[in-house]
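Colleague: I have the sequence and the model open side by side, and I would like to go through them with you. Could we start with the odd spots in the backbone and then work outwards?

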Amino acid sequence: MMNVKEKSILNEMKTFVARDDNRSISFTNKEAAFYFTQSHLTNHPEHAYFAGLNIAKNRIFQGYHLYDGSNKLDNQNSKVCVYPYKMMREHGQLTEELWMLDYKNVLEVSLTGVQQQIGIELLGENVKVVGQEGHIVIFSSLTEGWVIAVGSKQLQPITMKGQIIYADAKDEGFYIAAGKTAAEAVALLQDTMKQVDPLKVERVRRMENLLLQNTYMRSTDETLELAHRWMNITMDQLVTRQQGDGIYAGLPWFNEYWGRDQFISMPGAVLVSGQFETARNILLSFAKFQNTDKDSKFFGRIPNILAPENIDYHTTDGTPRFIIQLQDYVKYSGDTEIIKELYPAVINSIQGSIDHWMDEKGYLMHADNETWMDARDSELKSYSPRDTRANDIQALWYNQLLAGVYFAEYMNDQVNAEQWKRIAEQLKMNFEKDYRDSQHSYLADRLDKEGKPEFSLRPNQLFAFDMFDDQEFACQAIRTAWEELVYPWGVASLDRNHPLFHPFHLTHHYHKDAAYHNGAVWIWLNGIAMQRMIEVGAQETAYQLFKNMNWMALNKGVVGGLCENMDAYPQEGENWAKLTGAYLQAWSNAEQLRVWYQYFLGVRPDLINNTLTFAPRIPEEIKDLDYMIKVGNGLITASYHADSTKEYRYQFKDASFTATIDISPFEIVEMEVIPGSELVITQTDRTLKVTLRDGQNNTIKEIDASWSQARADQQERNHEILKDVSFAEPLDLKNHPVVH
């Protein structure tokens, strides 16, 4: 039996789950399969349908019961512990372990401590014995076209009593394999049995490498450190190879690739962790499915949904995000070769929008269901009307055009570069006029069919701050959004005072989709909300939300991860909102990770221009950090320590570029760094010293950064606007029109 070494970083992460918490537990095989259960009783009203093994959107079986002789083990009375790579239940003196294996449609279910016989019963309607090959029993699957093979871990003789398979206790468990045919499932089981220990070692090593080489972080703040590790692990579960490299949108419903979700998730999922080969493959994989039919109104778009049996192009925001993430990938990796390969896709993506969707002002128009707020009723009427020019779509279109300009200039395509630049300038000029008025301290959510602004207060405006230059307005808009939309558990999709506001996602008062974008909290929006707060110097406020998400990942919902949605309001008698939607959502985890690296740590590479920005905004309660970041082919080893002064250290291995040090209220400092050098930044209230040293600790260059009165004044203005800013609070529902 394979034993993971006791000092493994993964074993330090083990999480005990109390019976009353009954948390969700999820593993994937990093390809097309996932296994879902709950720690003690699988009874979730929406997720229980997907209990057990699922492969490529096919349900295989709904979990299992284990037996000690004729005694069925009761999970509700077990002690449950979850590791990144396995689940363990203790049933008195008996120990159950559940493993998935990378890139194999196989489960190992172990049971040790039994004296006589061990038994297993697969659950699910139509999961029945249909045959036997040697010591392997063949079952039908929940989904036609799949079969299941079950054998003991030693492939010794077994017996059947009804649907229960019994083996000798010394076999210590079972393998469960799924295939399209009995022969395929049997061969997979037999092959796995021969190499199970190396497969386990490889799965553990992959996870350890992710935490030690890609996302390493240490701190005396143990909660911060543990949550960081767990969210990297659960995020990585969703980076799969179902149809080429991609990112599952979420589990259990969205075990497929969505263009929108894919590219919202990409920075936090694979770029900040330095998984550049995977990022490259994701971009190339999605580019293959771009619509290239010039007669189609969807020409140039990448899919909204890329599922094994379905490709759909009904999204406006997925394509701009694809192009923006292509640029972000190049900024992180320095891989300009991909520009040559995908430049035709860039041209098609922009030209398709110009030909079919752009209006005379440069705005990108769209159908009602083509923004991320796409829920409609049975008559296809939108619950959250946002046509024809949503503010976040214009911001994405603007940044897509600017990314296109860069790519065009790189390719010496001046005609397109100049055209796209003109459209971007026109777009921004019109946006500043059309989405603001004197009566509102925030942006209009959209322009309607008549071009009139519609001022429902939604979080989408937070994506559109590139579209205007008024910093005081931006700060006021951030405050308004925070106090009206941002609850301690996340960002609501509509403000509390709107007549369409639905405070609960799941309730008997209305269909859940009526609340989906009209009040339900979306965890992924926390990322942009925190980013905007940090940008105006309010990192302490942002960190309160960040800490809450860390706490939730460690204590609520799926072990180690973040869900899709929450109610806006807690249920009566509760002090925390109910978790809803998918139990594990890619963009929720990814945005928590992105904002940590890019805005709290403040590391933002731009290898296109051979620069790397260091703009740390580390909250006061964090006193020390050690971490690593991969950039291009190099590695940055960093540390932070705070007492009477703050000291930031960055060591560069195989990396050379212009470092831009951005710590307000000091002037921005630029310094050329070379491989083997160390950048040391020492900060007090009134001084900032930047020192570059070589590998022998000799000073190469030293700069005392100047105090910037202009930045100090802006910081003070921001502070005054944001003074005493608070989370949104639930209002009395006594006369609420939606729930009464």
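Colleague: Where is Pro 665 found?

Modeller: Pro 665 is found in the loop between strand 40 (657-661) and strand 41 (669-673), where helices (H or I, at least four residues) and strands (E, at least two) are DSSP runs numbered from the N terminus. Before we go on, please keep in mind that this is a predicted model, in which local features need pLDDT of at least 70 and side-chain atom pairs count only at pLDDT 80 or more, while totals for chains, interfaces and linings use all residues. Residues are numbered from 1 along each chain as its sequence is written, and side-chain values use heavy atoms, with hydrogens and water left out.

Colleague: And what kind of peptide bond joins Ser 664 and Pro 665?

Modeller: The bond joining Ser 664 and Pro 665 is cis, with omega about 10°. A cis peptide bond also runs from Asp 387 to Thr 388, with omega near 10°, and Thr 388 is found in the loop between helix 7 and strand 26 (389-390).

Colleague: What about phi, which residues should I look at there?

Modeller: As background, most residues other than glycine have a negative phi, and most peptide bonds are trans. Leu 380, in the loop between helix 7 and strand 26, has a positive phi near 65° without being a glycine. Asn 126, in the loop between strand 12 (117-122) and strand 13, is not a glycine either and has a positive phi of about 75°.

Colleague: How accessible is Leu 380, and how accessible is Asn 126?

Modeller: Leu 380 counts as exposed at 57% relative accessibility, whereas Asn 126 counts as partly exposed at 46%. Here buried means under 20% relative accessible area, exposed means over 50%, and partly exposed is in between, with a 1.4 Å probe and protein chains only.

Colleague: Changing topic, Met 467 caught my eye. Is Met 467 buried or exposed?

Modeller: Met 467 counts as buried, at 0% relative accessibility, and is found in the loop between strand 28 (453-454) and helix 10 (471-485). Leaving aside neighbours within four places in sequence, Met 467 is in contact (heavy atoms within 4.5 Å) with Gln 394, Ala 395, Tyr 398, Leu 427, Lys 428, Phe 431 and Glu 432. The C-alpha atoms of Met 467 and Ala 424 are separated by 9.8 Å, and these two residues are 43 residues apart along the chain.

Colleague: I also marked two aspartates, so what does the side chain of Asp 335 reach?

Modeller: The side chain of Asp 335 reaches the backbone nitrogen of Glu 337 at 3.2 Å. Asp 335 lies in the loop between helix 6 (318-333) and helix 7 (337-356), and is buried, with a relative accessible area of 14%. Apart from neighbours within four places in sequence, Asp 335 is in contact with Arg 280, Tyr 329 and Val 330.

Colleague: And the other one, Asp 495, what does that residue touch?

Modeller: Not counting residues up to four places away in sequence, Asp 495 touches Leu 457, Glu 484, Leu 485 and Phe 501. Asp 495 lies in the loop between strand 30 (490-492) and helix 11 (512-516), and at 9% relative accessibility Asp 495 counts as buried.

Colleague: Let's move to helix 1. Which of its residues are buried?

Modeller: In helix 1 (residues 182-194), the buried residues are Ala 185, Val 186, Leu 188, Leu 189 and Thr 192. Seen down the helix axis, the buried residues of helix 1 fall within an arc of 160°, so they line one face of the helix; the arc is that of the directions from the helix axis to the C-beta atoms. The face turned away from that buried side carries the exposed residues Ala 183 and Lys 194.

Colleague: What covers the buried residues of helix 1?

Modeller: The cover includes strand 11 (106-112), strand 13 (129-133), strand 14 (136-140), strand 15 (147-152), strand 18 (173-179) and helix 2 (196-214).

Colleague: Last one, zooming out: how many helices and strands does the protein have?

Modeller: The secondary structure comes to 15 helices and 44 strands. Buried residues make up 63% of the 740 residues, and the C-alpha trace spans about 80 × 70 × 55 Å along its principal axes. Among contacts between residues at least 6 apart in sequence, 63% join residues at least 24 apart.

Technical notes. The expected span of a helix is 1.5 Å times one less than its number of residues. A polar contact is a pair of N or O atoms within 3.5 Å; within protein, one must be able to donate a hydrogen and the other to accept it, and residues adjacent in sequence count only if both atoms are side-chain atoms.
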